[in-house]
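User: I'd like to go through this model by asking why each label applies. Could you set every value against its definition for me?

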Amino acid sequence: MKTLKRIASLLMVAALILQVSVIAATVPQDVIGTEFETAAKLLSALDIMVGDGKEFKPNDNITRAEFAQVLAKTMHLDDLLDSYEPVGTFEDVPTNDQFAPAIEIGAQIGAVSGYGDGNFGPEDNITGEQAIKLLLCALGYNINADLAGGFPAGYNLTAADVGMLKGVVTAGTDMTQPISRGKAAILCYNALKIEVMQKVSYGAEVTYATKPGETLLSMKHNVYQFEGTVITNGNTDLIGSSNIRQDAVVIEGETTSAFLIGATNIAEQLGTYVKVYYRLDPDSNDRTIVSYDVVSNKNGVVNVALSDIIAGTYENLKGTGANKYRLVSYWEDKENDNTPKDIKVAYMPSIIYNGTSVQTFVFDDILDMQGSISMIDNNSDGIVDILNITAYENYVVASTDAKEYSIVDKFGFYDKQTASTTPRVLDLDIGESGNIVTITDKNGKAVQFATLREWTVLSVAQSDQSLSRRISKVLVSTETVEGIITEIGSEDGRPTVKVDDTVYQITPEYINSLEKDEAIPNASFNVGDNRTFYLNAFGKIAASKINVAGDNLAYGLLTKWNKTQGVDIVVKVRIFTENELKNYTLSLSKVTIDGVVYKNAEDMYAAIGRNLSMDKVSIYQSGGQAAPVLFKTNEAGEITFIDTPYYNIDAGETAYSLKPINEGFKRCTYKGLVFGTSYPVSTTTKFIEVPRTYEGVSEAINMKTRGVSSFTSGVNDDVQYDVKLYTVDADGFKGDYGLVYGSGGGGTGSIDTSANTNFLIVKKVTKAVSAYSGEETIKIYGYQNGNEVEMVVSANYYSHNMFTDVYDNTIKSVRGSGTVIPTPSEDRKKFVVLPGDILKYATDSHKEISVVQPVYLSDVKDFVADIMGNPGGITYKIMAPAVVARIQGNSVFLNRYAVPKGNLGDDQSSDAFGNQYICNLSQFKILIYDPSKTGADRVLPGSISDIKDKSSGTPSRVFFQLRANDPRVLYVIKDQTL
């Protein structure tokens with residue numbers, strides 16, 4: 001490798017310190033890798049020939065009118081084309097024709113001509129000879145051509161002499177025939193670089209001559225050429241860090257010069273010998289590259305997949321002293337070659353890893369990663385000087401943080417020596433200075449960070465993130481494959497699974513997460529498993545999960561079992577899984593329960609009861625049994641397999657055996673995939689939150705499924721959880737499944753008071769039938785966040801708990817006058833809720849209301865319940881009561897009732913609690929409750945004119961709702977004041 005010259009003092013480089021974004025110009029796909037690519041790239045960049053925006057169509061013919069346009073743009077007559085008004089020079093070229101300006105201007109300057117009969121033939125295909133003549137005229141060589149014999153022979157001979165036909169005329173080419181767009185592009189490309197014939201006067205004598213370097217490129221487009229090796233881009237140098245701006249490169253040729261990259265992707269050509277075409281700014285002297293070519297005879301580039309490099313060969317040193325080199329072996333075609341190929345690599349090559357230069361490197365560490373290596377010999381001495389490596393790690397999204405631009409991986413990193421897992425977090429730091437992040441799918445289409453979801457697979461190539469300039473290239477894959485594992489094996493020492501008829505490799509990260517040193521290191525990876533497999537951008541399996549449908553495994557809480565007598569005895573169980581309580585029937589043919597196969601329903605029923613009554617199996621010691629289970633169903637949805645925490649020693653139970661890790665529900669703090677100090681979990685551990693009493697498991701609202709990410713984790717956390725963990729690893733101690741005690745119970749559950757709480761202002765109530773159960777209930781019509789909604793109440797909740805929950809006889813007065821004991825009206829007894837009520841509610845898995853807590857009841861004028869928050873604050877997640885103090889334009893001042901920690905006190909007049917300022921009242925949805933009206937007419941939309949302040953003597957009583965200071969609803973209780 002020749003010595004790279006360092007730039008000691010180069011003002012042009014020093015000026016390129018600012019950072020701007022880079023946008024790569026697109027080259028039409030249909031010319032990439034063809035003989036037309038070089039010409040099409042430059043002509044597209046100069047807006048001379050651009051195709052149709054998607055394709056260049058090099059094999060199509062080009063018309064005389066189209067070529068006239070190309071000729072005008074080749075001569076850079078764009079401004080004249082824009083301003084010219086056609087006059088009708090040719091009879092067959094209307095003045096409103098899009099090509100009329102180019103045709104008429106070309107005729108006026110002598111560059112084009114018609115057929116001599118007043119016609120131009122704009123739709124005729126132009127021949128090769130005609131195109132040559134037009135370009136030679138533009139270059140000023142028409143005099144030479146006429147002296148050499150005229151059209152066509154003299155023009156053909158002159159074109160060959162000046163190099164215009166290079167790459168155009170080959171054996172068998174007939175230039176009398178129409179020329180293709182691709183060949184026409186090469187003609188124009190050649191013409192741009194030919195020195196222009198210019199008039200030279202010596203007194204009265206006039207001659208024609210060329211001047212060195214004065215071409216159509218330089219004279220008309222202000223574009224020049226430069227050749228050399230790209231030694232620095234905005235992120236790195238071949239042998240160190242970069243100090244130029246991120247939209248620039250430094251090229252070492254006859255001189256060492258800096259260039260702005262423009263709309264090209266030349267920054268990716270680090271270490272490559274290139275020919276660039278750049279435009280010179282006469283004011284700033286900036287050189288901006290408009291196009292470039294890799295010079296094939298100056299570069300020896302071998303591109304190899306990392307997996308095709310043979311491990312250990314990078315350390316294979318040959319030669320001595322200054323002639324020392326490495327002999328690296330690789331497979332060129334692994335499927336068909338019998339022996340690998342060898343390539344010589346310099347003893348101390350420049351190494352670019354994921355976009356930045358590195359000094360130390362362990363070559364074999366990357367060979368299991370996806371990616372590639374470009375081995376570049378840029379001085380044709382047969383020895384590779386530069387290794388440009390792109391290596392991807394894989395992440396499976398568990399959760400994202402859109403504020404910090406970070407992603408938590410589902411699996412973490414498992415250290416087999418310490419038997420511990422540490423979290424893996426991908427920090428992208430989008431928008432930070434010096435940090436370039438691209439997120440695309442495998443086809444290069446941009447993907448927004450906000451669209452990343454759980455189970456999305458990311459293949460990430462990151463440079464050293466400790467550097468001031470960093471690169472992150474993220475390839476996003478949402479591709480999945482569903483199927484049955486038919487084989488488990490390996491290829492080249494790497495684990496594989498065959499899904500139906502296709503063999504897939506497994507990413508190293510997923511292999512690590514599966515924990516054991518087996519071919520597929522996970523006891524739950526078995527032939528016959530029906531799984532959903534998540535593939536990365538390279539088609540490798542990065543994650544998988546058992547499909548619940550069909551013969552697959554699911555985790556849930558078994559809460560009830562019984563048997564019914566019909567034609568056959570049928571055993572049914574109720575299991576909570578995926579936020580739903582669902583009834584299942586056990587298969588009559590065969591069911592495996594804790595390792596024992598049962599073919600008789602009576603025996604199945606007895607086995608479930610016996611096993612769940614065993615010590616330490618049921619999670620409730622009184623009131624009834626409930627236990628976590630793993631289960632499978634067949635295609636008919638019938639259960640064929642149940643595994644409980646009971647371990648059947650006599651049956652030799654092994655597969656899917658739920659083994660408790662801790663005794664009972666252990667109270668401990670969660671920190672970084674560990675509960676307390678003794679109970680590790682993984683990012684894929686599944687939890688069910690259960691109520692503290694058995695009665696609570698009768699309603700799905702009292703339970704929910706949880707992931708590890710839902711637990712609070714941090715150095716200073718003191719949040720504790722009552723957890724019980726289980727593992728399916730007979731020798732393991734890490735929790736695969738878990739239970740956590742919640743705050744539900746008593747069959748009614750609890751309502752979350754977070755920002756997602758639902759508030760409903762009741763407008764109308766009707767008798768209805770539940771679409772789910774078919775039983776009588778009520779439907780509530782009302783307003784949520786000011787918008788009209790319809791909600792059905794769960795029939796079970798309506799008939800058993802609703803009245804007691806809503807109409808508690810212990811009601812506090814807002815004004816501190818003590819307990820109010822109301823007398824329910826007949827309507828209240830019948831419908832439970834009435835028009836004008838404000839309800840806080842939650843729904844079950846069927847989207848029916850399953851629990852209600854009232855905020856305001858219209859027939860108990862002072863009723864307020866479950867108000868939370870600091871009375872001195874201004875951010876609320878609940879409906880808060882208030883009295884209007886004064887109104888100024890669209891702003892309102894409220895005296896809010898003081899309700900610290902449930903102590904309902906008097907109205908406060910001080911600024912500490914009163915005179916709450918709500919800006920821009922017009923943003924609120926204003927609703928009115930008018931008790932003088934009847935039925936649904938009592939609740940109706942209102943306006944600011946419906947509100948009265950204290951100056952009226954009868955200030956309005958209101959309820960208002962804010963969420964994170966976002967105005968929602970102002971509910972005016974008409975004719976009710978203090």
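## Labels and the values behind them

User: Why is Phe711 called buried?

Analyst: Phe711 has a relative accessibility of 5%. Buried means under 20% relative accessible area, exposed means over 50%, and partly exposed lies in between (1.4 Å probe, protein chains only). Phe711 therefore counts as buried. Before we go on, note that this is a predicted model: local features need pLDDT of at least 70, side-chain atom pairs count only at pLDDT 80 or more, and totals for chains, interfaces and linings use all residues. Residues are numbered from 1 along each chain as its sequence is written, and side-chain values use heavy atoms, with hydrogens and water left out.

User: How many aromatic pairs are there, and what makes Tyr620 and Tyr694 edge-to-face?

Analyst: Searching the whole structure gives 23 aromatic pairs. In the pair Tyr620 and Tyr694, the centres are 6.0 Å apart and the planes make an angle of 75°. Rings of Phe, Tyr and Trp (its six-membered ring) pair if their centres lie within 6.5 Å; planes under 30 degrees apart are stacked, over 60 edge-to-face, and the rest tilted. Both tests are met, so the pair is edge-to-face. It joins distant parts of the chain, 74 residues apart: Tyr620 is in the loop between α12 (601–612) and β34 (627–633), and Tyr694 in the loop between β39 (679–690) and β40 (704–707). Helices (H or I, at least four residues) and strands (E, at least two) are DSSP runs, numbered from the N terminus. Tyr620 is at 5% relative accessibility, so Tyr620 counts as buried.

User: How do you know that Phe711 and Tyr721 are edge-to-face too?

Analyst: Their centres are 4.9 Å apart and their planes meet at 90°, which makes this aromatic pair edge-to-face. Phe711 lies in the loop between β40 and β41 (720–727) and Tyr721 in strand β41, so the pair ties together parts 10 residues apart in sequence. Tyr721 has a relative accessible area of 12%, so Tyr721 is buried. Ring pairs also join Phe711 and Tyr721 with Tyr670, Phe675 and Phe687 in a cluster.

User: What makes you say that a charge sits over the ring of Phe711?

Analyst: The charged end of Arg706 lies 4.3 Å from the centre of that ring. The rule asks for NZ of Lys or CZ of Arg within 6 Å of the ring centre and within 35 degrees of the ring normal. Arg706 is listed as sitting over the ring. Lys133 is likewise over the face of Phe151, 5.2 Å from the ring centre.

User: Where is the cis peptide bond?

Analyst: Phe151 and Pro152 are joined by it, with omega about 5°. Pro152 is in the loop between α7 (142–147) and α8.

User: Lys616 and Val832: buried, exposed or partly exposed?

Analyst: Lys616 has 47% relative accessibility, so Lys616 counts as partly exposed. Val832 is at 3%, so Val832 is buried. Each has a positive phi in a residue other than glycine: near 70° for Lys616 and near 75° for Val832. Lys616 is in the loop between α12 and β34, and Val832 in the loop between α15 (826–831) and β48 (838–843).

User: Which residues touch the most other members of the largest nonpolar core?

Analyst: Phe67, Met164 and Leu187 do, in a core of 65 residues. Among the elements giving two or more residues to this core are α2 (37–45), α3 (64–74) and α9 (181–192). A nonpolar core is a set of buried Ala, Val, Leu, Ile, Met, Phe, Trp, Tyr and Cys residues joined through side-chain atoms within 4.5 Å. Leaving aside neighbours within four places in sequence, the contacts of Met164 (heavy atoms within 4.5 Å) include Ile132, Leu135 and Leu187. A second, separate core of 24 residues includes Val765, Met791, Tyr807 and Val832.

User: Why is Asn233 called buried?

Analyst: Asn233 is at 5% relative accessibility, so Asn233 counts as buried. Asn233 lies in strand β3 (residues 223–233), and its side chain reaches the backbone nitrogen of Thr236 at 2.9 Å.

Technical notes. A polar contact is a pair of N or O atoms within 3.5 Å; within protein, one must be able to donate a hydrogen and the other to accept it, and residues adjacent in sequence count only if both atoms are side-chain atoms.
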